[in-house]
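Please work through the exercises below with the sequence and the structure side by side. Each task is followed by a solution that goes step by step.

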Amino acid sequence: MTDEATRPLTGLPALDGTVLRSEEALAEAADDFGHLVSLRPLAVLRPGSAGDVAAVVRWAAAQGVPVVARGEGHSVYGRSQVDGGIVVDMRPLGAVSPPEQGRIAVGAGATWRSVLAATLPAGSPRRCCRTTSTSPSAALSPSAGLAARRTGTAW
Ligand SMILES: Cc1cc2nc3c(=O)[nH]c(=O)nc-3n(C[C@H](O)[C@H](O)[C@H](O)COP(=O)(O)OP(=O)(O)OC[C@H]3O[C@@H](n4cnc5c(N)ncnc54)[C@H](O)[C@@H]3O)c2cc1C
C-alpha cells in the first residue's frame, strides 16, 4: 500500500453512484484474472451515470490522481488496476439498447453476453466471440496477446 491509499478525496463532487473505499472493494480492484499484479487503488467508483465518470475524471485530473477503467477484470497483467488512483468499475453502466435499424448503443460496462442477449433475437450477429463474460469496450483496449497494445484483444 502506498501513502496515497489513505489520502482523503477532498472536493469530490456529488455523484449519482458511489465511491467505495472499503478493504473488500480495494482488494477486489487490486486483483485480476492473472493474479500476477496487485496495485492498490485510492478508491473505486461505481458510477451511476456517464456524468459521474466525467466528473471524477475532471476531479482526478485536477488532483493529479490517475484513473483506470475496469470491466470484468479479466485481463492478466494489472491493466485494469492503478496504484493510488481511482478504478472506475464500469459494470453499472452496462445497458444495451434494443437494435434499431441494425444499430445498438452499448454501455461502457456491457459484456458480450448482454450484447448477444439484445441482438440475437433480431438475428445478429452470426459470429461473435468465444468468451461472453468480458466487455466489448474492454476488448477494444490492450490486454492479452502480443499485438494487443496496438490492435485490441477481441478475437
Ligand atoms: C484466458 C483468457 C481468455 C480470453 N478469451 C477471449 C475470447 O475468447 N474472446 C475475446 O474477445 N477476448 C478474450 N480474452 C481477452 C479479453 O477479451 C480481454 O482481456 C478483455 O479486455 C477483457 O475484458 P474485461 O471487461 O474483463 O477487461 P478488464 O480486465 O476489466 O480491462 C482490460 C483493459 O480494458 C480497459 N477497459 C475496461 N473497460 C473499459 C471501458 N469501458 N472503456 C475503456 N477501456 C476499458 C481497462 O482499463 C484495461 O486496460 C481472453 C483473455 C484471457 C486472459
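**Exercise 1.** In this predicted model, find which residue of β4 is the bridge partner of Val68, and then establish how β3 and β4 run.

Solution. Begin at Val68, whose bridge partner in β4 is Val87. Move on to Ala69, which is paired in β4 with Val88. These pairings belong to the contact between β3 and β4, where residues 86-89 form strand β4; four bridges join the two strands, and they run parallel.

**Exercise 2.** Determine which residue in β4 stands opposite Val44, and in which sense β2 and β4 pair.

Solution. Val44 has Val87 of β4 opposite to it, and the pairing of β2 with β4 is in the parallel sense, over three bridges. Val87 was also found above as the bridge partner of Val68.

**Exercise 3.** Work out which residue of β2 lies opposite Thr18, and use the pairings to give the order of the strands in the sheet.

Solution. Thr18 stands opposite Arg46 in β2, and between β1 and β2 there are three bridges, with the strands running antiparallel. The four strands make an open sheet in the order β1-β2-β4-β3, and its pairing is mixed. At the edges are β1 (18-20) and β3 (67-70), each of which pairs on one side only. On average, and with direction ignored, neighbouring strands of this sheet are turned by 25° against each other.

**Exercise 4.** Decide whether the residues on the two sides of β2 and β4 are buried or exposed, and name the strands that helix α2 touches.

Solution. Take β2 to begin with: Ala43 and Leu45 lie on one side, Val44 and Arg46 on the other, and all are buried, which leaves both faces of the strand covered. In β4, Ile86 and Val88 point one way while Val87 and Asp89 point the other way, and all of these are buried. Finally, helix α2 (residues 50-63) packs on the sheet and touches β2 (43-46), β3 and β4, and the direction of helix α2 makes about 170° with that of β4.

Terms used. Residues are numbered from 1 along each chain as its sequence is written. This is a predicted model: local features need pLDDT of at least 70, side-chain atom pairs count only at pLDDT 80 or more; totals for chains, interfaces and linings use all residues. Two strands pair if DSSP finds at least two bridges between them. Axes are lines fitted to C-alpha atoms, for helices over the stretch in contact, and angles run from 0 to 180 degrees between N-to-C directions. Two residues are in contact if their C-beta atoms, placed from the backbone, lie within 7 Å. A residue is buried if 20 or more other C-beta atoms lie within 10 Å of its own, exposed if 12 or fewer, and partly exposed in between; C-beta atoms are placed from the backbone.
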